Amino acid sequence: MSANVPKELGPAGPLLGRIGVAALSQHAVQAEFTDTVGTRALHAVEEWCSAADSKGSYRLRTEKFPFGDVIEHFRCVGRGDAHPALIAKLRDLHASVQSTAPPEDEGVSTPPLSSWLRLTFDQEDGDYHTYVGTHLYDGMRERSEGEKGDILSDTIMAALAVDLLSTETSALAAEPSRRQRTRARAAYQLLRSMNALAPAWGEKFEGKAGPFATADVLKGDEALTAAASRAVSAAADQIEQPVRRLVEATMLPVTRLHDEQMFIRIIQIFEGLYVHIGRCLERAITALDNGDAEGCRDELSDAANRLEATPALFRVLTTMPREAFAVIREKTNGRSAVQSTSYRRVESLSAPRDPGSLSPQAPFLVLEGETLQEVLERQLSELPSQNVTRLKESMRRLDASWHMSKRTHWGITLKIIGSAPGTGGTSGADYLQRTAEVSLFPGLSMSGNTPTS
Ligand code: HEM
């Protein structure tokens with residue numbers, strides 16, 4: 001076994017090469033010595049700290065922070081094995097930055113330093129949010145509202161898909177293998193699907209980049225790599241620098257495995273999707289509350305359209321090898337998407353929830369105001385019956401697509417971890433099978449004098 005192959009994968013593991021699916025990341029294999037041991041990052045941070053005492057606004061100093069060196073080290077060895085002195089330094093720096101950072105801790109084109117530093121020393125007490133950097137993305141999204149906010153949110157999702165495609169095709173070019181080819185193709189198809197998953201960005205991009213290559217063209221590795229490279233550079237032109245830098249800064253895997261990078265990107269895209277669906281539900285509630293049934297339906301259709309495109313995300317996720325995920329799982333114990341606030345928000349905005357049915361790690365959100373189901377119940381007697389029927393159709397469609405997505409997640413989990421427990425303290429696949437059957441709008445499936453009839 002090569003010295004670069006993670007011993008956890010075992011000598012008999014189906015390794016087709018040192019880079020790619022079921023093997024190491026390109027960063028881990030091709031790293032320079034100083035990036036692997038972490039001395040370059042440590043010195044760069046020390047230097048920044050001493051220079052940071054000199055004059056200059058917080059923003060200007062943040063712009064100069066050596067994000068790249070720290071990220072490179074983390075990508076080479078995994079957050080779990082980063083240089084201990086560097087981690088200690090980043091922890092101290094976080095404490096001092098927290099007390100000096102202006103309320104809006106942001107650079108012009110860098111991620112907010114204080115929030116980002118928090119991700120770098122979470123080895124002992126990390127959770128899902130520090131693992132994927134949800135607060136950093138939330139912070140960026142919160143800076144824009146309405147249509148602008150939707151465009152930004154979709155651009156972030158697209159930027160994540162672009163980065164994923166670039167990583168996967170680069171690994172294919174470095175070490176071709178059947179599994180890597182399947183992954184790279186799935187990543188290409190995912191970028192194609194961005195016009196449905198992130199339509200505000202997709203429309204802009206399709207106009208600019210022209211049609212994607214057909215599946216036939218993608219049969220050979222060279223054709224696939226060339227088509228992907230065209231798509232990536234055309235897409236990158238459509239993504240502003242702060243978004244690109246945030247995407248770069250939130251790739252802090254805990255292992256050296258190539259597969260974990262895919263896992264992180266898919267989670268981050270799903271997070272963006274949950275946030276957007278939550279926004280749609282909020283707007284749907286406001287619209288219905290104002291008697292605007294048509295506006296409410298538009299929001300529900302927007303959410304359902306996107307959810308119906310999630311098979312493209314699952315097709316990438318399903319290329320996760322069991323043996324690689326076993327390693328990732330071990331290193332991410334205590335971090336689980338069951339802790340996702342944006343996911344729980346979607347459920348909590350739809351209808352009243354029973355907290356007892358969830359994992360103790362699931363955030364129980366108490367949201368102000370009524371859920372969509374409650375607003376509909378209240379308005380039943382006032383709305384024309386035709387509107388009520390059409391609204392219920394839209395709600396059922398959203399529920400069906402949410403259900404389909406949960407069932408697929410359960411199926412993939414069963415395939416990848418079998419009956420092993422989850423990292424979020426649940427029974428694992430059994431838990432997911434049960435929660436997959438919980439409707440977004442339980443009132444819609446009951447009979448009698450309720451929103452259902
Ligand atoms: C290899 C792929 C994956 C496996 C094996 C897996 C496994 C699991 C397991 C076992 C749970 C139960 C909670 C726990 O104890 O951790 C869970 C929950 C969850 N996962 Fe995944 N997961 C995978 C990928 C993803 C991805 C990419 C996302 C996207 C964000 C995601 C979103 C969720 C959500 C939202 C929950 C909470 C579901 C609920 O409470 O009803 N999972 N996952």
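Start by selecting helix α16, residues 258–289. In this predicted model, α16 gives the most to the shell around the ligand, with five residues. Keep α16 coloured and add three more helices: α20 (341–350), α22 and α23 (429–436). Like α16, each of them supplies at least two residues of that shell.

**The ligand and its surroundings**

Now select the ligand itself. Which pocket does the ligand take up? The space it fills is the largest pocket. Show the neighbours next: 26 residues surround the ligand. If you would like a shorter list to click through, the closest are Ser-336, His-409, Gly-424, Thr-426 and Tyr-431.

Try colouring the shell by residue class. You should find 15 nonpolar residues, ten polar ones and one charged one.

**The iron atom**

Zoom in on the iron atom of the ligand. Which protein residue is its donor? Select His-409 and look for the atom NE2, which sits at 2.1 Å from the iron. His-409 is the only protein donor there. To see where this residue belongs, show the whole of helix α22, residues 385–417, and you will find His-409 in it.

**Polar contacts with the ligand**

Stay with His-409 for one more step: a polar side-chain atom of this residue lies 2.8 Å from a nitrogen atom of the ligand. Then move to Ser-336, where a polar side-chain atom lies 2.7 Å from a ligand oxygen atom. Finish this stop at Thr-423. Here, turn on the backbone, since the atom to look for is a backbone N or O, placed 3.3 Å from an oxygen atom of the ligand.

**Back along α22**

Return to helix α22 and select Arg-407, which is found in that helix. Is Arg-407 buried, partly exposed or exposed? With a relative accessible area of 35%, Arg-407 is partly exposed, because that value falls between the cut-offs of 20% and 50%. Now add Ala-436 to the selection. Arg-407 and Ala-436 are 29 residues apart in sequence, yet their C-alpha atoms are 5.7 Å apart in space.

**A last stop in a loop**

For the final view, go to the loop between α20 and α21 (372–379) and pick Thr-371. Is Thr-371 buried or exposed? Its relative accessibility is 7%, so Thr-371 counts as buried; the cut-off for buried is under 20%. Add Ala-351 and draw a line between the two C-alpha atoms: the line spans 5.1 Å, although Thr-371 and Ala-351 are 20 residues apart in sequence.

Technical notes:
Residues numbered from 1 in each chain as written. Predicted model: local features only at pLDDT ≥ 70, side-chain atom pairs only at ≥ 80, totals over all residues. Heavy atoms only, no water. Donors = N, O, S within 2.8 Å, 3.2 Å for Na, K, Ca; no water. Helix = DSSP H or I, 4+ residues; strand = E, 2+ residues; numbered from the N terminus. Near = heavy atom within 4 Å. Polar contact = N/O pair within 3.5 Å; in protein donor to acceptor, adjacent residues only side chain to side chain. 1 Å grid on protein atoms, 1.4 Å probe; cavity = no way out; pocket = protein on both sides within 12 Å on 5 of 7 lines; lining within 4 Å. Sits in = over half its atoms within 2 Å of the grid points. Nonpolar A, V, L, I, M, F, W, Y, C, P; charged D, E, K, R; others polar. Buried < 20%, exposed > 50% of the residue type's maximum accessible area, 1.4 Å probe, protein only.
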